[in-house]
Amino acid sequence: MHSPQLRIGWASAAIAVSLSAAVAGCGESASSPDTDWREAFDAQDDGWLLSTWGTERNSRYAVGGTLERGVILHFDGHGWRHEDISRNTPLLNWVHGFGEDNLIAVGNNGAILRFDGTEWRTEDSPTGENLWGVWGAKPSALWAVGGSGRPGASPTLLFFDGSEWTEQALPRLKRDDIYSLFKVWGTSKDNVFVAGQKGTFLHYDGKGWSQVELGATDDLIAIWGTGPDDVVVVGGRGTGLLSHYDGKRWATQSLFGLPGINGVWMRTPGVAHLAMAGGTLAKWTLGEDQPEHESFSDSLDFHGVFGVDGQVTAVGGNFEAFGATGLQGIAYERNLAPGE
């Protein structure tokens, strides 16, 4: 893989210099972690990487692959290694878990895989639509969402009750030609959100689903938060789009000059880590118009980001734009500073 080229906006650079000076002035530089992004592993031959998750710094996962064959990689503290999964597994798009003995991965053609601590097993799926996201408050209350995004496809919502997966009815959508739901996330079994095409945003209150209007018409792609009063949904294709919920209202903004956002993860209230198109990784802080950002590639997009034990990992690739260069993946990581 080619060496990353760093491009930092002048505002971000100024912030970084100011922070460095402040830390040095307080005499804390010696104890501050190195927060520079670095390549986590050479992912060029692993196909696209679309999601990452982990239980601890020395147990992290990444999923992706090619259209014909999915891959799951696991970092065990010594290196990233391929997990043993069925050769019939298609591209995997998302991974979520509850511990080392209970992980769920979903992918194209309705694929659902579960890890029990010993092996990955394929589960019966009620749909043939691509599944883009999965999340649950507990192992017996899981939601998965999908749809190919193309005319003729169906926006798909699945639920797992501890015994089987079933397809769920959607509320009447306010916009026409919605063919995909992209991600699902929540703070409890009675507070769940779904993001989808053309600004589609749904909320589950434990009794039923309803549509929430965020004032967005571009695709909403990912969701994360630190609690019911601190939720961020991101998206946008040409221009990054971000909406924050403070417990009372949603505030939506376009990040002009920055590309679309594919992934978001949060540890600290009001601070969102963003995986973006154009090889860009960013950190948005509540109240800022523009996030601090760094770009590492013109041809590879970041798709998923997740942190654990003071370290954040971001993965991606040249999804649906591989051309003559073939399939390529990308994986970066860095330490988190206090307050990030």
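Leaving aside its neighbours within four places in sequence, which residues is Pro-171 in contact with? Let me start there, and then we'll walk outward through the rest of the chain. One caution before anything else: what you see on the screen is a predicted model.

So, Pro-171. You'll find this proline in the loop between strand E14 (165-167) and strand E15 (181-188). Once the neighbours within four places are set aside, Pro-171 touches Leu-202, Trp-209 and Ser-210. Take the tryptophan: Trp-209 is 38 residues away from Pro-171 along the chain, yet their C-alpha atoms are separated by 6.1 Å. And is Pro-171 buried or exposed? Its relative accessibility is 19%, and the cut-off for buried is under 20%, so Pro-171 counts as buried.

Let me step back for the overview. The chain has 340 residues, and 55% of them are buried. The program assigns one helix and 29 strands. Looking at contacts between residues at least 6 apart in sequence, 46% of them join residues at least 24 apart. As for the surface, the chain exposes about 14600 Å², with carbon and sulfur atoms supplying 48% of that.

Now the inside. The largest nonpolar core holds 68 residues, and the ones with the most contacts within it are Trp-120, Phe-201, Val-264 and Leu-274. Let's zoom in on Phe-201. Not counting neighbours within four places in sequence, its contacts include Phe-193, Val-212, Leu-214, Leu-220, Ile-223, Val-233 and Trp-250. Ser-210 is also among the contacts of Phe-201, and you may remember Ser-210 as a contact of Pro-171 too.

On to the charged side chains. As a reminder, side chains of opposite charge can pair when their charged atoms come close. How many salt bridges are there? The count comes to 12.

One of them is between Arg-60 and Glu-333, with the closest N and O atoms 2.9 Å apart. Arg-60 sits in strand E4 (residues 59-65) and Glu-333 in strand E29 (residues 329-335), so this pair ties together parts that are 273 residues apart in sequence. Both partners are covered: Arg-60 is buried at 4% relative accessible area, and Glu-333 is buried at 11%.

Then have a look at Arg-121 and Glu-119. Their closest N and O atoms are 2.7 Å apart. Here Arg-121 is partly exposed, at 43%, and Glu-119 is partly exposed as well, at 37%.

A further salt bridge joins Lys-283 and Glu-292, at 3.9 Å from N to O. Lys-283 is buried at 14%, and Glu-292 is buried at 19%. These two belong to a network of salt bridges that also links Arg-334 and Glu-340.

Finally, back to strand E29, the home of Glu-333. In general, strands of a sheet pair through backbone hydrogen bonds, either parallel or antiparallel. What is the order of the strands in the open sheet of four? Reading across, the order is E2-E29-E28-E27, with antiparallel pairing. Strand E2 (38-39) and strand E27 (301-308) are the edges, each pairing on one side only. E2 and E29 pair over two bridges, and there Glu-39 stands opposite Tyr-332 in E29.

That's my tour, thanks for listening, and I'm happy to go back to any of these spots on the screen.

Methods: Residues are numbered from 1 along each chain as its sequence is written. This is a predicted model: local features need pLDDT of at least 70, side-chain atom pairs count only at pLDDT 80 or more; totals for chains, interfaces and linings use all residues. Side-chain values use heavy atoms; hydrogens and water are left out. A salt bridge is a side-chain nitrogen of Lys or Arg within 4 Å of a carboxyl oxygen of Asp or Glu. Buried means under 20% relative accessible area, exposed over 50%, partly exposed in between (1.4 Å probe, protein chains only). Two strands pair if DSSP finds at least two bridges between them. Contact means heavy atoms within 4.5 Å. A nonpolar core is a set of buried Ala, Val, Leu, Ile, Met, Phe, Trp, Tyr and Cys residues joined through side-chain atoms within 4.5 Å. Accessible areas come from the Shrake-Rupley method with a 1.4 Å probe; for residues, only the protein chains shown count as cover.
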